[in-house]
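This briefing addresses selected features of one protein structure, grouped by topic. The sequence and the model are shown below for reference.

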Amino acid sequence: MSADAGRTTRAQAWVLGIASLGSFMMALDSLVVTTALSTIRQDLTASIESLEWVVNSYNLTFAVLLLTGAALGDRFGRRRMFVVGLAVFTVASVACALAPDIGTLIVARAGQGVGAAMVLPLSLTLISTAFPPQQRGRAMGLYLGITGLATFSGPFIGGVVAEGLAWQWIFWLNLPVGMIAILLTQRRVEESVGPNTRFDLGGVVLVTAGAFGVVWGLVRGNVAGWDSAEVVGALLLGVVLLVAFVLWERRAQAPMLPMRFFRLRAFATANPANFLVFASLYGTMFFLAQYFQVVLGNGPLVAGLMLMPWTGTLMVCAPIAGRLADKVGERNFVVGGLLLQTAGMGWIAVVADTGTGYLELLPALVVGSVGITMAMPAAQKAVVGAVQPREIGQASGAFMMLRILGGVFGVAVTVAVFAGVGDYTSAERFSEGFSAGMTAVAAFAFIGVLVAAAMPARRPTTVAVPPPATNVVPRGENAPRT
């Protein structure tokens, strides 16, 4: 990339805007659904377990196919597969809106996850290849900030839908946005491919089946029991298949995830640190809106409004954090951000009670949100900066997969901790479980501090070496085929 280190070109701006729009769609849809579940339950006469699968079916297909989505982009063209992912997500959204029963809705939500598994890793890849290292932190900060707009507005929109509009409009909104995103991508984004033209079918099968076993066990643990044959068997099978995936990748001629990446200190430390960032974030998000409703007695609309100062921090601070990470180094931001999250959630765990007012919690929520916002773009920058530009697609897929697995893990463990102390029978019991859950969330963040401390110190910024000319496909031409 020959762009001036301090300026963003028009082509870069289009890539950043389109990639951020794709990420925005995925984030908004996930968050809006969580606040409209009660309306869906009444309209489709759904059980509580079925409602959980409305959320989990999306996360399940999303998590297990992330590496595959990145590999497909490297093999068949990143722009092409980004468009395919947008199309799958948009069509699945229409199916969700037309769903006549809860079973159809669950299947359609799984289809959305398939589309998201292609869109999100490739959105990060498009940005990382369009911006050289000295601009990448700022670009990722802006990317997260725009995505944060979905986080910011999602609870509020969900509350409006739950109390006024039909829940189907959550999904209908994706139709025009998806079509616009597809058209802009085809017109404004150059095609590129990864370093390998061969498709690692064995790796795809092993990592998909292994991730499915792990995620299935985490999702089903609190329902079927953590010591049940189903959960233990799924987790063991998943781990065995993932070990087999590692062994396969070490010997594959064209691996989808080269194991040598894990010999890179930045890659090997920033990825687990970010896993814990999202474990802490998703654990917080799962219970916070419920606390505002069950304990403080608010409706979904007011609960969504109460979340906005917390979620809005991401939109405001992420671009600033990404820009500063370019100057002071990623490790300082990941360690410092996770320390703030530890302090904020630890404080809430201590003071949260049935008599605790919203304003008493707000400063701690903002501190924690600022911390998360500091850590996320810095961890992303560290991961993609550790590999060669032509390998960014593979690194992005691994990063996104661990991020989603971190969220699933965080929710599963936080719910288990909550269930061991409290329940939904009264505000008092819920408050006790909520405090225990926030203790677990703070613990995730603190462990993340210890992991992030092993990240390499600030490295001097260098101009990225452009990928080989054969990896860039002029617009209008097809990606290489076997």
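The structure is a predicted model. Within it, Asp74 belongs to helix H3, which spans residues 48-76. The points below cover this residue, the loop that precedes H3, and the packing of helices H11 and H13.

**Asp74 in helix H3**
- Asp74 is buried, as its relative accessible area is 6%, and the cut-off for a buried residue is under 20%.
- The side chain of Asp74 forms a polar contact of 3.0 Å with the side chain of Arg78.

**Thr45 in the loop before H3**
- Thr45 lies in the loop that links helix H2 (37-44) to H3.
- Although Thr45 is not a glycine, its phi is positive, at about 50°.
- Thr45 is exposed, with a relative accessible area of 69%.

**Packing of H11 and H13**
- Two packed helices are described by the distance between their axes and the angle between them.
- Helix H11 (residues 265-294) and helix H13 (residues 330-351) have axes that come within 11 Å and cross at roughly 25°.
- H11 is therefore roughly parallel to H13, since angles under 35 degrees count as roughly parallel.
- The crossing of H11 past H13 is left-handed.
- On the H11 side, the contact is made by Arg265, Ala273, Val277, Ser280, Leu281 and Thr284.
- On the H13 side, Arg331, Val334, Leu338, Gln341 and Met345 make the contact.
- By character, the residues of this contact comprise six nonpolar, three polar and two charged.

Methods. Residues numbered from 1 in each chain as written. Predicted model: local features only at pLDDT ≥ 70, side-chain atom pairs only at ≥ 80, totals over all residues. Heavy atoms only, no water. Axes fitted to C-alpha atoms, helices over the stretch in contact; angles between N-to-C directions. Helix = DSSP H or I, 4+ residues; strand = E, 2+ residues; numbered from the N terminus. Parallel < 35°, antiparallel > 145°, perpendicular 65-115°, else oblique. Left-handed = near helix turned anticlockwise from the far one by under 90°. Contact = heavy atoms within 4.5 Å. Nonpolar A, V, L, I, M, F, W, Y, C, P; charged D, E, K, R; others polar. Buried < 20%, exposed > 50% of the residue type's maximum accessible area, 1.4 Å probe, protein only. Polar contact = N/O pair within 3.5 Å; in protein donor to acceptor, adjacent residues only side chain to side chain.
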